[in-house]
Amino acid sequence: MPDYGHDLSFGAFIVPSSAAPQQVVRLAQASEAAGLDLVTFQDHPYQPRFLEAWTLLCYVAAATSRVHLSLNVANLPMRPPGVLARAAASLDLLSGGRVAMALGAGAFADAAVAMGAPRREPGEAVDALAEAITVLRTLWDTGDRSAVRIEGDHYRLVGAKRGPAPAHRIPVWLGALKPRMLRLVGQVADGWLPSLSYLGVDALARSNAVIDEAAIAAGREPGLVTRLLNVGLDDADPRFLADLALEHGTSVFILASDDEATLTAYGQETAPAVRELVTAGRH
């Protein structure tokens, strides 16, 4: 049984396009009231039907007090990492340390390019993502007083100032499915955030093994990598989620929903039931 050393957490993945703007905020507030630990939003800036995700995240941070917040996942080609680092640190300070940084290499390339993003081949996108993580963490590291100089193939910083320092160490999670991205997760990331609908249960063990091997090769403990998972309503059975936690070490389950009653039940009924089953299984 994999044991990545993390307590169970539960979150919401709210689709901004499926409800009126204020209803999206109410869904986040209902998720917090239901005891969920995390609220996330998808990030597709080229989609005019969606609320702009970082603006929404900031608004929700002001309308909540406890729940942690993240994009799911940030669209890196459309968000320069230097600016993203400052935005995340600023929101983390304003929210009292409630921000997580989930990143993706980018999807829907044609739509992103139409909005001004660079077009990258898959290998280039992974390289850019690795460089972006370095940019984020370097700008957050205000303990070093030197100017930032990063000479990457995709991102160059030539004397940038560090800061602001976030309120807490912002975890960096990566949305990853393919081997090269999975290896990057193991080498440098704080967490792995796939969607079960794309990954499939059968691939969980294989993917975890790739991450673990890459972590060990990089001199890291595999337990440093939190295993998160986006799940759908059909997956939200307590026994099924408990089995994923016990068999694969998944410790954060994020339910995709735009229904308040569903999210409330997930926080008040499903989450406690899963915790009870996992506790029993571990003993």
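Trainee: What is the strand order of the open sheet of nine strands?

Mentor: The model is predicted. In it, nine strands make up an open sheet with parallel pairing. Its edge strands are β3 (68–71) and β4 (74–75), each of which pairs on one side only. Read from one edge to the other, the order is β3-β2-β1-β11-β10-β9-β8-β5-β4.

Trainee: Which residue in β2 stands opposite Ile-14?

Mentor: Strand β1 covers residues 9–14 and strand β2 residues 38–41. The two pair in the parallel sense over four bridges. Opposite Ile-14, the residue in β2 is Phe-41.

Trainee: Which residues form the covered face of strand β6?

Mentor: Strand β6 takes in residues 148–151 and has two faces. Arg-149 and Glu-151 make up the uncovered one. The covered face consists of Val-148 and Ile-150.

Trainee: Where in β7 is the residue that Val-148 stands opposite?

Mentor: β6 and strand β7 (residues 156–160) run antiparallel and are joined by four bridges. The connection between them is a hairpin of four residues. Val-148, on the covered face of β6, stands opposite Ala-160.

Trainee: Is Arg-227 buried or exposed?

Mentor: Arg-227 belongs to strand β10, residues 226–231. Buried means under 20% relative accessible area. Because its relative accessibility is 1%, Arg-227 counts as buried.

Trainee: Which side chains make polar contacts with the side chain of Arg-227?

Mentor: Two contacts can be named for this strand β10 residue. One joins the side chain of Arg-227 to that of Asp-212 at 2.7 Å. The other has a distance of 2.6 Å, and its partner is Asn-208.

Trainee: How far apart in sequence are the parts tied together by Arg-180 and Asp-127?

Mentor: Arg-180 and Asp-127 form a salt bridge, with their closest N and O atoms 2.3 Å apart. Arg-180 is in helix α6 (residues 179–188) and Asp-127 is in helix α5 (residues 122–140), so the pair connects separate parts of the chain. Arg-180 is partly exposed at 38% relative accessible area, and Asp-127 is partly exposed at 34%. The separation in sequence is 53 residues.

Trainee: Which residue forms a salt bridge with Asp-190?

Mentor: The closest N and O atoms of this bridge are 2.9 Å apart. The pair links distant parts of the chain, with Asp-190 in the loop between α6 and β9 (191–192) and its partner in helix α5. Asp-190 counts as buried at 9% relative accessibility, whereas the partner is partly exposed at 26%. That partner is Arg-137.

Trainee: What is the N to O distance in the salt bridge of Arg-162 and Asp-144?

Mentor: Arg-162 lies in the loop between β7 and β8 (172–174) and Asp-144 in the loop between α5 and β6, so the bridge ties together parts 18 residues apart in sequence. Asp-144 is partly exposed, at 32% relative accessible area. The N to O distance is 3.3 Å.

Trainee: How many salt bridges does the structure hold?

Mentor: Side chains of opposite charge can pair when their charged atoms come close. Asp-43, Glu-52 and Arg-79 are linked in a network of such bridges. For the structure, the count of salt bridges is eleven.

Trainee: What covers the buried residues of α6?

Mentor: The buried residues in α6 are Met-181, Leu-182, Leu-184, Val-185 and Gly-186. An α-helix has 3.6 residues a turn, so residues three or four places apart point the same way. The cover of the buried α6 residues includes α5, β8, β9 and α8 (202–217).

Trainee: Why is the pair of Phe-10 and Tyr-266 edge-to-face?

Mentor: The ring centres of Phe-10 and Tyr-266 are 5.8 Å apart. Planes over 60 degrees apart count as edge-to-face. The planes of Phe-10 and Tyr-266 stand at 75 degrees, so the pair is edge-to-face.

Trainee: Which residues do ring pairs link into a cluster?

Mentor: The structure has three aromatic pairs. Phe-10 lies in strand β1 and Tyr-266 in helix α10, so their pair ties together parts 256 residues apart in sequence. Phe-10 counts as buried at 1% relative accessibility, and Tyr-266 is buried with a relative accessible area of 1%. The cluster consists of Phe-10, Phe-253 and Tyr-266.

Key: Residues are numbered from 1 along each chain as its sequence is written. This is a predicted model: local features need pLDDT of at least 70, side-chain atom pairs count only at pLDDT 80 or more; totals for chains, interfaces and linings use all residues. Side-chain values use heavy atoms; hydrogens and water are left out. Buried means under 20% relative accessible area, exposed over 50%, partly exposed in between (1.4 Å probe, protein chains only). Two strands pair if DSSP finds at least two bridges between them. A polar contact is a pair of N or O atoms within 3.5 Å; within protein, one must be able to donate a hydrogen and the other to accept it, and residues adjacent in sequence count only if both atoms are side-chain atoms. A salt bridge is a side-chain nitrogen of Lys or Arg within 4 Å of a carboxyl oxygen of Asp or Glu. Contact means heavy atoms within 4.5 Å. Rings of Phe, Tyr and Trp (its six-membered ring) pair if their centres lie within 6.5 Å; planes under 30 degrees apart count as stacked, over 60 as edge-to-face and the rest as tilted.
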